[in-house]
Structure formats: C-alpha cells, structure tokens
Amino acid sequence: MKAKEIREMSVSDLRDRIEAERAALAQMKMNHAISPLEDSSKISKTKKDIARMLTVLSEMENQEKK
C-alpha cells in the first residue's frame with residue numbers, strides 16, 4: 001500500500017486497517033511456523049505496510065493537535 005493511498009483514508013478507517021493488518025500478520029507468522037509460506041516476503045511487506053500506516057496516522061494526529 002502506497003503512502004498516498006494511506007493519506008486518503010480517514011483516521012478511524014486507518015486505525016481499523018492497522019488492526020486488521022496486525023491480525024493478518026499474526027496469522028501469517030503462525031502459518032509460517034507450522035508450514036513455510038510459499039512467499040515468505042509477504043511477512044516483511046506486511047510489517048512495512050503497518051509501519052507506514054502508523055507513521056501516517058501519527059502525522060495526522062499531530063496535525064489535528066495543532
């Protein structure tokens with residue numbers, strides 16, 4: 001997910017999406033521990049997407065405080 005797409009989302013939608021991505025990441029990690037995933041790079045991509053979303057969320061919250 002691109003930062004531009006993330007910035008177009010509302011704060012509440014972004015928080016919901018972060019929670020969903022965290023749940024998906026936990027599920028992927030568990031599945032990978034049981035039997036290796038076909039594309040294990042999805043785990044790192046998901047981590048980066050979560051970090052990107054958290055960064056944009058903090059930017060949005062800081063702008064609201066000003």
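Contact here means heavy atoms within 4.5 Å of each other. That idea comes in handy for seeing what packs against what in this structure, which is a predicted model.

Helix 3 is a good place to start. Its buried residues are I43, T46, D49, I50, M53, V56, L57 and M60. Among the elements that cover them are helix 1 and helix 2. As for length, helix 3 has 25 residues, so at 1.5 Å a residue a span of 36 Å is expected; the C-alpha atoms at its ends lie 37 Å apart, which agrees.

Helix 2, running over residues 11-34, tells a similar story. With 24 residues at 1.5 Å each, it should span 34 Å, and the 35 Å between its end C-alpha atoms agrees with that. Buried along helix 2 are V11, L14, I18, E21, L25 and M28. The cover over these residues includes helix 1 (3-7) and helix 3 (41-65).

So where do the nonpolar side chains gather? In soluble globular proteins, they tend to be buried together. In this model, the largest nonpolar core is made of nine residues: I6, M9, V11, L14, I18, M53, V56, L57 and M60. At least two residues of this core come from each of helix 2 and helix 3, and helix 3 gives the largest share, with four residues.

V11 offers a close-up of this packing. Apart from its neighbours within four places in sequence, V11 is in contact with L57, M60 and E64. Of these partners, L57 and M60 also belong to the nine-residue core, as does V11 itself.

Methods
Residues are numbered from 1 along each chain as its sequence is written. This is a predicted model: local features need pLDDT of at least 70, side-chain atom pairs count only at pLDDT 80 or more; totals for chains, interfaces and linings use all residues. Side-chain values use heavy atoms; hydrogens and water are left out. The expected span of a helix is 1.5 Å times one less than its number of residues. Buried means under 20% relative accessible area, exposed over 50%, partly exposed in between (1.4 Å probe, protein chains only). A nonpolar core is a set of buried Ala, Val, Leu, Ile, Met, Phe, Trp, Tyr and Cys residues joined through side-chain atoms within 4.5 Å.
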